[in-house]
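Trainee: Could you walk me through the pockets in this one? I'd like a close look at a single part, and then whatever helps me place it in the rest of the fold.

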Amino acid sequence: MPSKRNTQEPTLAGGHHELDPYLPRTGNLGYRISRYALVLDYRVSSNRLAGVATITATSYQRLTRFTFDLATSLRVDRVTVNGARVRFSHRTGKLSVTPSEPIPPGGAMTVVVRYNGNPRPIRSQWGTVGWEELNDGALCANQPNGASSWFPCDDHPEAKAPFHIEITTDSPYYALANGRLVSKQRRAAMTTWVYDQVEPMSTYLASIQIGQYERRELSAGDVAVHALFPKRLASNFTVSFARQVKMVDAFTEMFGPYPFAQYTAVVTDDELDIPLEAQSFSTFGANHCDGTLDHERLIAHELAHQWFGNSVTCARWQDIWLHEGFACYSEWLWSQHSGGRSADEWARHYYEKLRQTRFTTPLADPGPAQMFDDWLYKRGAITLHALRLRIGDGEFFALLRRWTDKYRYRTATTEDFVALASTFTTAPLGDIWHDWLYTIELPPFPTLRPHA
């Protein structure tokens with residue numbers, strides 16, 4: 001029987017991330033991951049996944065045992081630590097590893113996990129999240145805690161790391177993963193696709209998209225923009241995504257340089273309730289590609305997440321407004337830029353709708369049950385509009401560009417944004433943060449005030 005010492009949970013060392021109170025059963029302590037290398041084999045017809053995950057990490061305290069998040073729908077065959085085969089247990093969504101010798105503080109670990117099974121979404125209070133079968137393919141929708149449905153990980157937004165992803169699947173299918181495609185090799189009926197995501201990435205943004213897609217190059221300029229879609233939707237795509245490249249250019253001017261090597265818009269052959277963002281690409285349903293511009297706001301929203309959410313990521317889920325409020329406001333900015341309603345008109349429109357909403361939590365800490373509610377998106381966007389009216393357009397967009405530069409590939413909090421905003425004006429901002437972020441009740445609609 002293992003000793004009590006060997007089964008004790010790692011404790012938190014100062015200066016290292018804590019478990020998120022919104023998702024206390026997700027994430028792990030005692031180490032920080034510096035790289036994931038995933039070698040995956042996926043058979044579409046049987047939804048069968050076999051994987052080898054090589055995880056490079058460094059301990060920040062003495063470890064006699066450590067854990068990864070991994071769904072129990074997957075079966076672990078073997079685990080090695082620094083080349084030595086070790087004991088492990090796998091239950092209730094945690095893979096617990098006991099190294100042959102304790103890992104000292106600052107110790108380097110290379111952990112190799114071999115596993116297989118039929119991946120399926122994880123049930124959560126936000127519905128099902130993670131690996132999902134399509135009618136003819138698969139996708140990953142990890143937010144906020146679904147990454148463990150297909151690979152072992154430290155599933156915490158602050159735990160960013162570069163990824164190397166190799167995916168072998170049936171040759172009729174296109175396999176997309178995060179980052180740049182570095183090689184593609186066909187052997188008989190199977191093709192191996194190799195991607196490197198060199199910029200650090202939160203696990204919830206890691207994704208694979210598999211389908212029988214056509215690929216179209218939309219732009220080979222400073223930012224390479226591509227598209228994947230079913231052949232039957234080619235003409236619809238031409239209309240619905242006609243302004244995708246112009247949108248990239250507009251947001252680059254507003255928010256600063258696009259943070260990754262390329263961007264891909266994927267349209268599945270299935271309908272999807274909502275689009276999905278992943279680092280370096282976004283996924284839309286066939287229903288969002290109907291040959292009109294009716295869903296263009298969603299195209300803008302998902303693109304904006306490359307800056308707000310993917311490059312600059314909230315360190316805590318309570319700060320999700322830093323993703324969704326910014327992406328929602330980007331919809332309004334694109335509308336104004338492309339000749340539609342102005343951002344001010346959209347802010348007033350949604351403010352009237354928010355007046356009918358009963359608020360029970362503040363924007364800066366909405367609670368896990370409400371962190372993806374529509375009110376948070378709209379109130380977050382109007383908060384930015386209030387700030388813009390207070391400090392003026394020049395300083396507002398300079399602030400956004402500084403925000404995406406200072407915290408590029410990093411995580412940040414609401415307090416970080418509040419502190420940075422204060423350096424772009426001599427006007428007082430305390431009432432904005434008090435009224436819009438920390439007070440439950442909806443304040444009056446913001447007005448333009450003279451600023452120094």
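Mentor: Here's a tour that starts with the pockets and then moves to the sheet and one helix.

Keep in mind that this is a predicted model. The largest pocket comes out at a volume of about 970 Å³. It has 38 lining residues, and those closest to its centre are Gln143, Asp273, Ile274, Pro275 and Leu276. If you'd rather think in secondary structure, several elements each put at least two residues into that lining: the strands β10 (127–134), β11 (137–141), β20 (276–278) and β21 (281–284), plus the helices α4 (296–304), α5 (321–337) and α7 (374–391). The top contributor is β10, with 6 residues. As for chemistry, the lining of the largest pocket splits into 18 nonpolar, 12 charged and 8 polar residues.

Now for the runner-up. The second largest pocket has a volume of about 460 Å³. Its lining counts 22 residues, and Thr26, Ile122, Arg123, Asn145 and Ser148 are the ones nearest the centre. Here strand β9 (residues 122–124) gives the most, with 3 residues. The make-up of this second lining is 9 polar, 7 nonpolar and 6 charged residues.

On to the sheet. Eight strands form an open sheet with mixed pairing, and reading across it you get β5-β4-β8-β2-β1-β12-β15-β14. The edges are β5 (84–85) and β14 (180–187); each has a single partner strand, so one side of each has no neighbour in the sheet. As a general reminder, strands in a sheet pair through backbone hydrogen bonds, in either a parallel or an antiparallel way. For a specific pair, take β4 (residues 74–81) and β8 (residues 108–117): they run antiparallel and are joined by 7 bridges. If you want a spot to zoom in on there, Thr80 sits opposite Val112 in β8.

Last stop is helix α10 (residues 430–438), whose buried residues are Ile432, Trp433, Trp436 and Leu437. Those four span an arc of only 100 degrees around the axis, which means that they sit on the same side of α10. What do they pack against? The partners of these buried residues are α5, α6 (343–354), α7 and α9 (414–421). That brings us back to where we began, since α5 and α7 are among the elements that supply at least two residues each to the lining of the largest pocket.

Terms used: Residues are numbered from 1 along each chain as its sequence is written. This is a predicted model: local features need pLDDT of at least 70, side-chain atom pairs count only at pLDDT 80 or more; totals for chains, interfaces and linings use all residues. Side-chain values use heavy atoms; hydrogens and water are left out. On a 1 Å grid over the protein atoms alone, a cavity is a set of points where a 1.4 Å probe fits but cannot get out, and a pocket is an open set with protein on both sides within 12 Å along at least five of seven lines; lining residues have an atom within 4 Å of a point. Grid points are joined across faces, edges and corners, and a volume is the space filled by probe spheres set on the points. Ala, Val, Leu, Ile, Met, Phe, Trp, Tyr, Cys and Pro count as nonpolar, Asp, Glu, Lys and Arg as charged, and the others, Gly among them, as polar. Two strands pair if DSSP finds at least two bridges between them. Buried means under 20% relative accessible area, exposed over 50%, partly exposed in between (1.4 Å probe, protein chains only). The arc is that of the directions from the helix axis to the C-beta atoms. Contact means heavy atoms within 4.5 Å.
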